[in-house]
Amino acid sequence: MRMKLLTHNLLRSRVKGAAKGYPLAIHATTVETKEADFNPTFIVRMLDRIQWPVVVQAASQVGVSEDKVPQTVPNDPESDQEFLKAAHHLLLEIEVIEGELECPDTGRAFPIKRGIPNMLLNEDEV
Amino acid sequence: MELHVPEYGKVDSVYEPAEDTFLLIDGLEADLKNILAIKPQLCVEIGSGSGVPITSLACFLKDSSKYMQVVVCVAVDINPDAVMCTQDTFQRNGIEAECLQGDLLQPLIDRSIKADILIFNPPYVVTPSEEVGQEGLMAAWAGGADGREVIDRFLPQVPAVLTDSGILYMIALQENLIGGSLDSMLHMLPEFEGEIVLSRRAGGERLHVLKFVRRQ
């Protein structure tokens, strides 16, 4: 129940002046890993919806060693168990508990406290 | 009964589950066949408050022997106490889900991850405009003119967040249906069609569960 990298993949900064506001940089002070049930079908279906390069970048920002991070999605991910397991771990088992997310365009920081990112903007930022 | 009211915590500054909350759960249950038909993977509740409707759906999908998919649930609320309360409700029921503090769908707009199921029990009560968006509990119910001020900010955000086959379930008061039909809402969702899934009288209110999907 903490910010997983899957969630990170769907978050975007909507602050005034942010052209894309994506991907948010992760500055984590507390990261935990927690085992989750492996469902390959779920991972395969999610691959259509997420940006893999953003997962790669996020993994590096939370300190996952590069040898555990597939740099690209294979052509036929369904039949690549090794990839699916690595993707499962990265998307669902890494949890950011404390830290902040940073808007790539404006530098606006969004705090993460007790696993909850605060994406709220002030009135003058909308 | 396939959906149940989950165990939840109470916090003074968070809207406590009431008739409208339970009606929303009943509406989801009444339409369960259609929810299962689209094989949802991402379910999002906006203005989750106590987090009871999304937790109820998550518990069903998790326990259902008919449904073998993993579902990711995300709850968004503007009130930090509500976000904590939602997280507490998820935890009490053993649901792994994500909680965000944010304003309506704003953090999720235009991302490549779209939601299959969107649930919203908006502030729908007809109030003076200045009561909309105040700190604390009033924000949970004060809807401004026609009870539509928050709803009308929310609806235009929906197409950018919902998958092609995605479904929006939203509570509304009879007074929110300007002109007595869904037209004034569909006006803001040009590619969508809508229907009333369930209606109920609660005290002096006539409440509806509305359902919106893209025209196929």
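**Exercise 1. A serine in a loop**

Is Ser13(A) buried or exposed, going by its relative accessibility? Place the residue in its chain and describe its surroundings.

*Solution.* A word before we start: this is a predicted model.

Step 1. Find the residue. Ser13(A) sits in the loop that joins helix 1 to strand 2 (25–33) of chain A.

Step 2. Apply the cut-off. Buried means under 20% relative accessible area. Ser13(A) has a relative accessibility of 1%, so this serine counts as buried.

Step 3. Look at the neighbours. Leaving aside residues up to four places away in sequence, Ser13(A) touches Ala18(A), Lys20(A), Gly21(A), Leu24(A), Cys103(A) and Phe110(A).

Step 4. Check the polar side. The side chain of Ser13(A) comes to 3.4 Å from the backbone nitrogen of Val15(A).

**Exercise 2. Sizing up the interface**

Describe how chain A and chain B meet, going from area to residues to polar links.

*Solution.* Step 1. Begin with the area. The size of an interface is often given as the accessible area lost when the parts come together. For chain A and chain B the buried area is about 3,000 Å², and carbon and sulfur atoms account for 55% of it.

Step 2. Count the residues. On the chain A side 31 residues are in contact with 34 residues of chain B.

Step 3. Turn to the polar links. Eleven residue pairs are in polar contact across the interface of chain A and chain B, with both residues at pLDDT 80 or more. Which elements of chain A give two or more residues to the side that touches chain B? They are strand 1 (3–4), helix 1 (5–10), helix 2 (40–47) and strand 5 (116–117). Sorted by class, that side of chain A holds 15 nonpolar, seven polar and nine charged residues.

**Exercise 3. Salt bridges between the chains**

How many salt bridges cross the interface of chain A and chain B? Work through two examples of pairs that join the chains.

*Solution.* Step 1. Four salt bridges are found across this interface, while a search of the whole structure gives 15 over all chains.

Step 2. Take Glu98(B) and Lys4(A), whose side chains form a salt bridge with N and O 3.4 Å apart. This pair runs from strand 3 (residues 98–101) of chain B to strand 1 of chain A. Are the two partners buried or exposed? Glu98(B) has a relative accessible area of 5% and is buried; Lys4(A), at 7%, is buried as well.

Step 3. Now take Glu96(B) and Lys34(A), where the N to O distance in the salt bridge is 2.6 Å.

**Exercise 4. Salt bridges within a chain**

Compare the settings of Glu125(A)–Arg108(A) and Glu16(B)–Lys10(B), then see which residues share partners in a network.

*Solution.* Step 1. In the salt bridge of Glu125(A) with Arg108(A), the closest N and O atoms are 2.6 Å apart. The two residues are 17 residues apart and link distant parts of the chain: Glu125(A) is in the segment after strand 5 of chain A, and Arg108(A) is in the loop between strand 3 (94–102) and strand 4 (109–113). Glu125(A) is buried at 15% relative accessible area, and Arg108(A) counts as buried at 17%.

Step 2. The side chains of Glu16(B) and Lys10(B) also form a salt bridge, at 3.6 Å from N to O. Here Glu16(B) is partly exposed at 43% relative accessibility, whereas Lys10(B) is exposed at 61%.

Step 3. Finish with the network. Through shared partners, salt bridges join Lys4(A), Lys34(A), Glu95(A), Glu96(B) and Glu98(B) into one network.

Key:
Residues are numbered from 1 along each chain as its sequence is written. Chains are lettered from A and ligands numbered from 1 in the order in which they are written. This is a predicted model: local features need pLDDT of at least 70, side-chain atom pairs count only at pLDDT 80 or more; totals for chains, interfaces and linings use all residues. Side-chain values use heavy atoms; hydrogens and water are left out. Contact means heavy atoms within 4.5 Å. Buried area is the accessible area (1.4 Å probe) that two parts lose on being put together, summed over both. A polar contact is a pair of N or O atoms within 3.5 Å; within protein, one must be able to donate a hydrogen and the other to accept it, and residues adjacent in sequence count only if both atoms are side-chain atoms. Helices (H or I, at least four residues) and strands (E, at least two) are DSSP runs, numbered from the N terminus. Ala, Val, Leu, Ile, Met, Phe, Trp, Tyr, Cys and Pro count as nonpolar, Asp, Glu, Lys and Arg as charged, and the others, Gly among them, as polar. Buried means under 20% relative accessible area, exposed over 50%, partly exposed in between (1.4 Å probe, protein chains only).
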